[in-house]
Amino acid sequence: MTTTSPPSVQECSFQLRNGLVLAAKRWSASASSAQNRPCHRFIALHGHLDNANSFDMLAPLMIQQLGPEPVEVVSLDLAGHGMSSHRQTEDYSLWRFIEDVDQVAEQLGWQKHSVIGHSMGGAVASLYAAVFQSR
């Protein structure tokens with residue numbers, strides 16, 4: 001029987017071009033994972049009245065179950081939710097969230113990744129995947 005160490009999680013933030021700061025949680029496999037191996041990368045998006053903590057149970061399970069390649073999950077607090085900044089305008093449309101997620105992916109340097117979400121986050125993830133099919 002092999003034992004694996006629990007995934008690590010760290011809080012982080014992303015400064016967007018419009019001045020917003022999005023808070024996030026970033027889960028990854030243990031430090032013993034090879035850096036040059038293929039990696040499954042996910043941006044996780046919460047529902048309307050939720051925050052990044054919505055994925056506290058799912059993210060570690062994804063990391064444990066989707067191996068043997070390393071897995072990374074970044075769960076965002078979307079603008080106006082959790083520990084993230086609020087917009088200067090009342091524009092909280094799905095399209096603004098898609099722009100925010102794209103900037104986060106750029107800052108992470110992730111050329112290829114998946115998006116997951118539930119409720120409002122599922123709608124944002126679906127539209128993001130349609131707009132950025134090559135990612």
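Modeller: A disulfide is a pair of cysteine sulfur atoms within 2.5 Å. This model is predicted.

Biologist: How many disulfides does a search of the whole structure find?

Modeller: The search covers the whole structure. The number of disulfides found is zero.

Biologist: Why is the sulfur of C39 in no bond with the closest cysteine sulfur?

Modeller: The closest cysteine sulfur to that of C39 belongs to C12. A disulfide needs the two sulfurs within 2.5 Å. The gap is too far for a bond, because it is 15 Å.

Biologist: Is C12 buried or exposed, or in between?

Modeller: Buried stops under 20%, and exposed starts over 50%. C12 has a relative accessible area of 23%. That value makes C12 partly exposed.

Biologist: And C39, buried or exposed, or in between?

Modeller: The relative accessible area of C39 is 21%. Buried would require under 20%. C39 is therefore partly exposed.

Biologist: Where is E72 found, and is E72 buried or exposed?

Modeller: E72 has 13% relative accessibility. The cut-off for buried is under 20%, so E72 counts as buried. Its place in the fold is strand 4, residues 71-76.

Biologist: Which side chains make a polar contact with the side chain of E72?

Modeller: One polar contact, at 2.8 Å, joins the E72 side chain to that of R26. Another, at 3.2 Å, goes to the side chain of R41. The names are R26 and R41.

Biologist: Which residues is E72 in contact with, leaving aside neighbours within four places in sequence?

Modeller: Both R26 and R41 appear here too. C39 is also in contact with E72. The full list is R26, W27, S28, C39, H40, R41, F42 and W110.

Terms used
Residues numbered from 1 in each chain as written. Predicted model: local features only at pLDDT ≥ 70, side-chain atom pairs only at ≥ 80, totals over all residues. Heavy atoms only, no water. Buried < 20%, exposed > 50% of the residue type's maximum accessible area, 1.4 Å probe, protein only. Helix = DSSP H or I, 4+ residues; strand = E, 2+ residues; numbered from the N terminus. Polar contact = N/O pair within 3.5 Å; in protein donor to acceptor, adjacent residues only side chain to side chain. Contact = heavy atoms within 4.5 Å.
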